[in-house]
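I am opening a notebook on a structure that is new to me. I want to record what I look up, step by step, before I form any picture of the whole.

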Amino acid sequence: MQAMVGGGRLPLFDAHCHLQDPRIAHCMPHLLTAAVEAGVRWFAVNGTSEQDWDVVRKMGDTYPTVIPCFGLHPWYVANRSPSWFSTLQSKLEAVPTAAVGEVEVLKKQLQLAQTLQRPVAVHCVNAFGSLQDILQEMGTFPAGIIMHSYSGPAEMVRMLAKYGAYFSFSGFFTSMKVEKAKQVLLQVPLDRILLETDAPDAFPRLDPSNLYWVPEDHASSSKGSGDNSNAEDHAIEGLPNLNVQHNQAGAPIIHLVTIGNV
Ligand SMILES: [Zn+2]
């Protein structure tokens, strides 16, 4: 089922994916078309190494729905060339709409994102202490930090949000214990929730038509980060038991979405 708001389809944003992956090159245009038809309006396509940055850039040039992101993924740090950083910088400068990602928890790429005022997608697994130290030293990221496939502790959420973090949830979140997952969601401001497929490595295997609204869970409501204090609840047309909040700009805030067919 597709979420409907005010008689129209709720636009979805895949906040983190790797559609440039050679494993899906043969069917990528078809996947993109199918996802757009299912309601996904934008895709943040994250580069992983110097080898795929040009492919990502070309995708951004070809498809207006693709937001290119350039970054050195932690798995590929060992294979970087001596000139990787200047190459990364020039790719970002050449595409003003590009974001930084996917990056490890190290200062260099975070600093580049902060200097260029671009959003940065961070791959953080068991490095939250280091990330906290770096953020304390560097200060806020006004363009935003995307905590890719967030699975960290609930206690870190408010601290990370203070520095500009958004929390992107993938199918992997469904493997977290329910009570722990609820505690995490309770801490996340409503206007800082993102959804991602992490395609093609998504878990579980899903397609955008598997995203659906669930009835509001009052126990899982949070108050937002402070700038949506005027938000009002509105029933979604045709779905009287569901509620969607709007921010001050009138845009719907994704309140609670889950992934079906798990
Ligand atoms: Zn990724």
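The entries below go from the whole chain to single strands, then to odd spots in the backbone, and last to confidence.

**Entry 1, the whole chain.** I note at the outset that this is a predicted model. I looked up the elements and found 7 helices and 15 strands in the protein chain. The chain has 262 residues, and buried residues make up 34% of them. I then turned to contacts with a separation of 6 or more, and of these, 66% are between residues 24 or more positions apart.

**Entry 2, the nonpolar core.** Which residues have the most contacts inside the largest nonpolar core? I find Val45, Val120, Met147 and Phe167 given for this, in a core of 54 residues. As background, I remind myself that in soluble globular proteins nonpolar side chains tend to be buried together. I followed Val45 further and left aside its neighbours within four places in sequence; its contacts include Cys17, His18, Leu19 and Gln20, and also Val56, Met59, Val66 and Ile67. Pro68 and Cys69 are in contact with Val45 as well.

**Entry 3, strand E3 and its partner.** Is strand E3, residues 12-17, largely enclosed or largely open? I count it as largely enclosed by the rest of the structure, because 5 of its 6 residues are buried. E3 pairs with strand E4, residues 40-46, in the parallel sense, and 4 bridges hold the pairing. Within this pair I located Leu12, which stands opposite Val40 in E4. To get from E3 to E4 the chain passes through helix H1, residues 28-37, in a β-α-β crossover that is right-handed.

**Entry 4, strand E9 between two partners.** I looked next at strand E9, residues 165-169, where 5 of the 5 residues are buried. In a regular strand the side chains alternate between the two faces of the sheet. For E9 I therefore wrote down each side separately: Ala165, Phe167 and Phe169 are on one side, Tyr166 and Ser168 are on the other, and all are buried, so both faces are covered. E9 runs parallel to strand E8, with 3 bridges joining the two, and Ile145 stands opposite Ala165 in this pairing. E8, helix H6 and E9 together make a right-handed β-α-β unit. E9 is also joined to strand E10 by 3 bridges, again in parallel, and there the bridge partner of Ser168 is Leu194 in E10. The chain crosses from E9 to E10 through helix H7, residues 178-187, and this β-α-β crossover is right-handed.

**Entry 5, the loop before helix H5.** I went to the loop between strand E7 (120-122) and helix H5 (128-138), where Ala127 is found. Why does Ala127 count as partly exposed? I take it to be so because it has 17 other C-beta atoms within 10 Å, whereas buried would need 20 or more and exposed 12 or fewer. The C-alpha atoms of Ala127 and Leu106 are 9.9 Å apart, and the two residues are 21 residues apart along the chain. Asn126 lies in the loop between E7 and H5 too. Asn126 counts as exposed, because it has 9 C-beta neighbours inside 10 Å.

**Entry 6, unusual backbone values.** Most residues other than glycine have a negative phi, and most peptide bonds are trans. Against that background I noted the phi of Asn126, a positive value near 55°. Ser149 also has a positive phi, near 45°, and its place is in the loop between strand E8 (145-147) and helix H6 (157-162). Ser149 counts as buried, because it has 25 C-beta neighbours inside 10 Å. I then looked up cis peptide bonds and found one joining Gly101 and Glu102, with omega about 10°; Glu102 is in strand E6, residues 99-103. Another cis peptide bond joins Ala199 and Pro200, with omega about 5°, and Pro200 lies in the loop between strand E10 (193-195) and strand E11 (211-213).

**Entry 7, confidence.** The mean pLDDT of the chain is 81, and 74% of the residues reach 70 or more. Among the elements, helix H2 (residues 53-62) has the highest mean pLDDT, 98, and strand E15 (residues 257-259) the lowest, 32. I marked residues 217-247, where pLDDT stays under 50, and residues 249-262, where pLDDT also stays under 50. Where pLDDT is low, the predicted coordinates should not be read in detail.

How values were computed
Residues are numbered from 1 along each chain as its sequence is written. This is a predicted model: local features need pLDDT of at least 70, side-chain atom pairs count only at pLDDT 80 or more; totals for chains, interfaces and linings use all residues. Two residues are in contact if their C-beta atoms, placed from the backbone, lie within 7 Å. A nonpolar core is a set of buried Ala, Val, Leu, Ile, Met, Phe, Trp, Tyr and Cys residues joined through C-beta atoms within 7 Å. Two strands pair if DSSP finds at least two bridges between them. A crossover is right-handed if, with the strands pointing away from the viewer, the path from the first strand over the helix to the second runs clockwise. pLDDT is the predictor's confidence in each residue, from 0 to 100.
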